[in-house]
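Dear colleague,

Please find the structure below for your records. My notes on what was found in it follow directly after.

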Amino acid sequence: MSLASSPATTVLPVANGARSRDYYAESLGLEFRGQSADGNLIFALEGSATLALMEDPAAAPSVHTVMSFEVADIEASIGDLGTRGVVFEDYDLPGLKTTDHICVLGAEKAAWFKDPDGNILCLHEGTPAELTGK
């Protein structure tokens, strides 16, 4: 058995399932698949991956990125998501500065936004050359 070929599910805690379901389906355009037996809201992702939203009234967001979506054109993706109400974060920190919501990290570009519960999500374009060997 290899975990590398096993389907993966990212589980995010959310305080309000209905609000989060609308956000992930309408604002992010993810395909809602239904509710699992344990109550999680399931969304289809590329390949065999899924996203499960676990309703928990005491849910607290992570202070770090919990999920990143690879996109072919980050500027176009930011524009598209912006028309659906997604608000992108801007940062000016040592080693991390955004311009027009985008931070260039070597061969990769990234942009961050938060879901209604404050979970930090990311778009990224490109794969760092040191990982691909190209």
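In this predicted model, the side chain of Asp 90 forms a polar contact of 3.1 Å with the side chain of Thr 98. A further polar contact, also given as 3.1 Å, links the side chains of Asp 90 and His 101. Asp 90 is located in the loop between helix 2 and strand 6 (92-93), and it is partly exposed, its relative accessible area being 47%. Leaving out residues up to four places away in sequence, Asp 90 touches Thr 98, Asp 100 and His 101. The C-alpha atoms of Asp 90 and Trp 112 are 7.8 Å apart, although 22 residues separate the two along the chain.

Two of the residues that Asp 90 touches, Asp 100 and His 101, deserve a note on their backbone. Asp 100 belongs to the loop between strand 7 (96-97) and strand 8 (103-105), and His 101 lies in the loop between strand 7 and strand 8 as well. Phi is positive in Asp 100, near 55°, and positive in His 101, near 75°; neither residue is a glycine. As to accessibility, Asp 100 is exposed, with a relative accessible area of 65%, whereas His 101 is partly exposed at 26%.

I turn next to helix 2. The helix spans residues 74-83, and Ile 74, Ser 77, Ile 78 and Leu 81 are buried in it. Why do these buried residues line one face of the helix? Seen down the axis of helix 2, they fall within an arc of 100°, so they line one face. This agrees with a general rule: an α-helix has 3.6 residues a turn, so residues three or four places apart point the same way. The buried residues of helix 2 pack against helix 1 (17-27), strand 9 (108-114) and strand 10 (120-125).

Both ends of this helix can be described. At the N-terminal end, Asp 73 acts as a cap, with a side-chain oxygen 3.2 Å from the backbone nitrogen of Glu 75. After the helix comes Gly 85, whose phi is positive, near 95°.

His 124 is part of strand 10 and is buried, with a relative accessible area of 14%. Its side chain makes a polar contact of 2.6 Å with the side chain of Ser 68. Setting aside neighbours within four places in sequence, the residues in contact with His 124 include Phe 69, Glu 70, Val 71 and Ile 74. Of these, Ile 74 is also one of the buried residues of helix 2.

Finally, the nonpolar cores. The largest has 24 residues, and within it Tyr 24, Leu 28, Leu 51 and Leu 123 touch the most other members. At least two residues of this core come from each of several elements, among them strand 1 (9-14), helix 1, strand 4 (50-55) and strand 5 (65-70). Helix 2 contributes the most, with 3 residues. Leu 28, not counting residues up to four places away in sequence, touches Tyr 23, Leu 81, Arg 84, Val 86, Phe 113 and Leu 121. A second, separate core of 5 residues includes Cys 103, Ala 110, Trp 112 and Ile 120. Trp 112 is thus named twice in this message: as part of that core, and as the residue whose C-alpha atom is 7.8 Å from that of Asp 90.

With kind regards

Conventions. Residues are numbered from 1 along each chain as its sequence is written. This is a predicted model: local features need pLDDT of at least 70, side-chain atom pairs count only at pLDDT 80 or more; totals for chains, interfaces and linings use all residues. Side-chain values use heavy atoms; hydrogens and water are left out. Buried means under 20% relative accessible area, exposed over 50%, partly exposed in between (1.4 Å probe, protein chains only). Helices (H or I, at least four residues) and strands (E, at least two) are DSSP runs, numbered from the N terminus. The arc is that of the directions from the helix axis to the C-beta atoms. Contact means heavy atoms within 4.5 Å. A polar contact is a pair of N or O atoms within 3.5 Å; within protein, one must be able to donate a hydrogen and the other to accept it, and residues adjacent in sequence count only if both atoms are side-chain atoms. A nonpolar core is a set of buried Ala, Val, Leu, Ile, Met, Phe, Trp, Tyr and Cys residues joined through side-chain atoms within 4.5 Å.
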